[in-house]
Amino acid sequence: MAANPGSRRFSESTRGRVLERVRRATCTVEEIAGDLSLTDNAVRAHLATLERDGLVRGAGTRRTGGAGKPAVLYESSVEAESALSRAYLPLLRAVLGALATRLTPARLRTVFRDSGRRMAAGRPAASGTLRERADSAATLLNELGGSATVERMPGGYRIVGCGCPAAAAVADQPDVCVAVEAMLREVTGAAVHRRCEHDPRPQCRFEVTAGR
């Protein structure tokens, strides 16, 4: 399994070192190889994987003075900066803590509902049968890092997650699930009710029924 680009294991790997070199400045295969004491072929292999994962991209060419083809330049992508950042989770938890001290529980849930609707904005609304819309909701959760499946239940369907894509935030503030509920409601056009489990490990549970 590939390491998470934001993990220490990745940053200390050869591929992580290649990406870090590209982040510092646009460079060629030969420059990376020289700086990291690697062969050109090894660098090309790592760059191919990083390009496939959307972390590195071509940035034009540079004439090196020889008679051959210009050397390809590489740079890190915008997506790489997001993937490598370790600031998002601490910042989110700090913001949630600040909101919780300044807002009543009811007002905080209103903020979460609005946040969920904003997360749904721009996403195509699901269509088809209630089962197909429940499947679309589960797919959306999985795209966000969940591991959800759909089960039949009386009157509708239950989305069951093996975990929670917002587990760390939910552990601090369980009402974060209100935002996910609102997002799924907007996307499915159906009634969605959270039945999430928060202890000992947060797990998604949402019931999808007809109506709003």
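**How H7, H8, H10 and a four-stranded sheet fit together**

H7 crosses H10 in a right-handed fashion. Bear in mind that this is a predicted model. H10 also has H8 packed against it, and H8 in turn sits on an open sheet, where it touches E3, E4 and E6. Here's the rundown, starting with the two helix pairs.

**H7 against H10**

- H7 covers residues 105–120, and its axis runs 7 Å from that of H10 at an angle of about 40°.
- That angle falls outside the roughly parallel range, which stops under 35 degrees, so the pair counts as oblique.
- On the H7 side, the contact is made by Arg109, Phe112, Arg113, Gly116, Arg117, Met119 and Ala120.
- H10 answers with Val176, Val178, Ala179, Ala182, Met183, Glu186 and Val187.
- Sorted by class, this contact comes out at 9 nonpolar, 4 charged and 1 polar residues.

**H8 against H10**

- H8 spans residues 130–143 and H10 spans 176–188; here the axes are 9 Å apart and the packing angle is about 135°.
- Roughly antiparallel would take an angle over 145 degrees, so H8 and H10 are oblique to each other too.
- The crossing of H8 past H10 is right-handed.
- H8 brings Arg133, Ala137, Leu140 and Leu141 to the contact, while H10 supplies Val180, Met183, Leu184, Val187 and Thr188.
- The tally for this contact is 7 nonpolar residues, plus 1 polar and 1 charged.
- Met183 and Val187 of H10 turn up in the contact with H8 and again in the one with H7.

**The sheet**

- Four strands make up an open sheet in the order E3-E4-E6-E5, and the pairing is antiparallel.
- E3 (148–153) and E5 (191–194) are the edge strands; each has a single partner, so one side of each has no neighbour in the sheet.
- Ignoring direction, neighbouring strands are turned by 25° against each other on average.
- E5 pairs with E6 (residues 205–209) over 4 bridges, in the antiparallel sense.
- Look for arginine 194 opposite phenylalanine 206 of E6.

**H8 on the sheet**

- H8 packs on this sheet by touching E3, E4 (156–161) and E6.
- The direction of H8 makes about 15° with that of E4.
- So where does H8 make its contacts? H8 meets H10 through residues including Leu140 and Leu141, and H8 also touches three named strands of the sheet, E3, E4 and E6.

How values were computed. Residues numbered from 1 in each chain as written. Predicted model: local features only at pLDDT ≥ 70, side-chain atom pairs only at ≥ 80, totals over all residues. Heavy atoms only, no water. Axes fitted to C-alpha atoms, helices over the stretch in contact; angles between N-to-C directions. Parallel < 35°, antiparallel > 145°, perpendicular 65-115°, else oblique. Left-handed = near helix turned anticlockwise from the far one by under 90°. Contact = heavy atoms within 4.5 Å. Nonpolar A, V, L, I, M, F, W, Y, C, P; charged D, E, K, R; others polar. Pairing = 2+ DSSP bridges.
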